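Here are my notes on the model you sent round. Please read them with the structure open.

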Amino acid sequence: MAKRYIVRLSDEERKQLSELLGRKTLAAKKRMRAHVLLKADASTDGPAWIDSRIAEAFDVSVVTVEKIRKSYVLDGFQVAIERKKQCRPSRQPVLDGENEARLVALCCGTVPAGHGRWTLGLLADKLVELKIVQSVARETVRQALKKTNCSLGVG
């Protein structure tokens, strides 16, 4: 079966890949993509290895090699090398810096009547009650307090 996407690297691209591979520290996937593109290069100066040989040499699947070639031909050099960008943004944090500060201040304040100390559940409920956040999980409160080295301690 004939290859559908044929990689033909320019001298500049080949030079960039060689420089990239010459670095001491480089992400493993980026290094692998650079190697695959160099070996798949079908220009006059390239080795033009077949996909199965590339896959075996770099311990990846043939499909991975095909995807890297396709990405290079359709989307360009940088896209083929770089990590794929996230298609939708991550969730916004429930507790931003200002809300975390309010949480710490609340934690350092007086304990509600009938309780010996603040619990994660009490803090989460109080944050909602004070309308600091709409809703918050105890785990989120725990992580925020752990990050600030704040102890619930005895009130």
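The points below take up the fold, the nonpolar cores and the largest pocket.

1. Status of the model. This is a predicted model, and the points that follow should be read as statements about a prediction.

2. Secondary structure. The protein has eight helices and zero strands. Along the sequence the pattern is accordingly α-α-α-α-α-α-α-α.

3. Overall dimensions. The radius of gyration is 27 Å, whereas the globule rule gives 15 Å for 155 residues; the former is well over the latter, so the protein is more spread out than a compact globule. Taken along the principal axes, the box filled by the C-alpha atoms is roughly 80 × 30 × 25 Å.

4. Burial and contacts. Of the 155 residues in the protein, 34% are buried. When contacts between residues at least 6 apart in sequence are considered, 57% of them join residues at least 24 apart.

5. Largest nonpolar core. This core holds 21 residues, and the members that touch the most others are Leu17, Leu37, Tyr72 and Ile81. Two or more residues each come from helix H1 (11-22), helix H2 (28-40), helix H3 (51-57), helix H4 (62-75) and helix H5 (77-81). The greatest contribution is that of H2, which supplies six residues. As a general point, nonpolar side chains tend to be buried together in soluble globular proteins.

6. Tyr72. Leaving aside residues up to four places away in sequence, what does Tyr72 touch? Its partners are Val7, Arg8, Leu9, Glu13, Leu37, Phe77 and Ala80. One of these, Leu37, is also listed with Tyr72 among the members of the largest core that touch the most others.

7. Second core. Apart from the largest core lies another, made up of 17 residues. Its members include Leu95, Cys107, Val133 and Val141.

8. Largest pocket: extent and position. The volume of the largest pocket is about 320 Å³. Its lining comprises 14 residues, and those nearest the pocket centre are Arg33, Ser71, Val79, Glu82 and Lys84. H2, H4 and H5 are the elements that give two or more residues to this lining. The largest share, five residues, is from H4. H2, H4 and H5 are also listed among the helices that give two or more residues to the largest core.

9. Largest pocket: character. How many of the lining residues are nonpolar, polar and charged? The lining divides into eight charged, four nonpolar and two polar residues. Among the residues nearest the centre are Arg33, Glu82 and Lys84.

Notes. Residues are numbered from 1 along each chain as its sequence is written. This is a predicted model: local features need pLDDT of at least 70, side-chain atom pairs count only at pLDDT 80 or more; totals for chains, interfaces and linings use all residues. Side-chain values use heavy atoms; hydrogens and water are left out. A nonpolar core is a set of buried Ala, Val, Leu, Ile, Met, Phe, Trp, Tyr and Cys residues joined through side-chain atoms within 4.5 Å. Buried means under 20% relative accessible area, exposed over 50%, partly exposed in between (1.4 Å probe, protein chains only). Helices (H or I, at least four residues) and strands (E, at least two) are DSSP runs, numbered from the N terminus. Contact means heavy atoms within 4.5 Å. On a 1 Å grid over the protein atoms alone, a cavity is a set of points where a 1.4 Å probe fits but cannot get out, and a pocket is an open set with protein on both sides within 12 Å along at least five of seven lines; lining residues have an atom within 4 Å of a point. Grid points are joined across faces, edges and corners, and a volume is the space filled by probe spheres set on the points. Ala, Val, Leu, Ile, Met, Phe, Trp, Tyr, Cys and Pro count as nonpolar, Asp, Glu, Lys and Arg as charged, and the others, Gly among them, as polar. The radius of gyration is taken over C-alpha atoms; the globule rule is 2.2 Å times the number of residues to the power 0.38.
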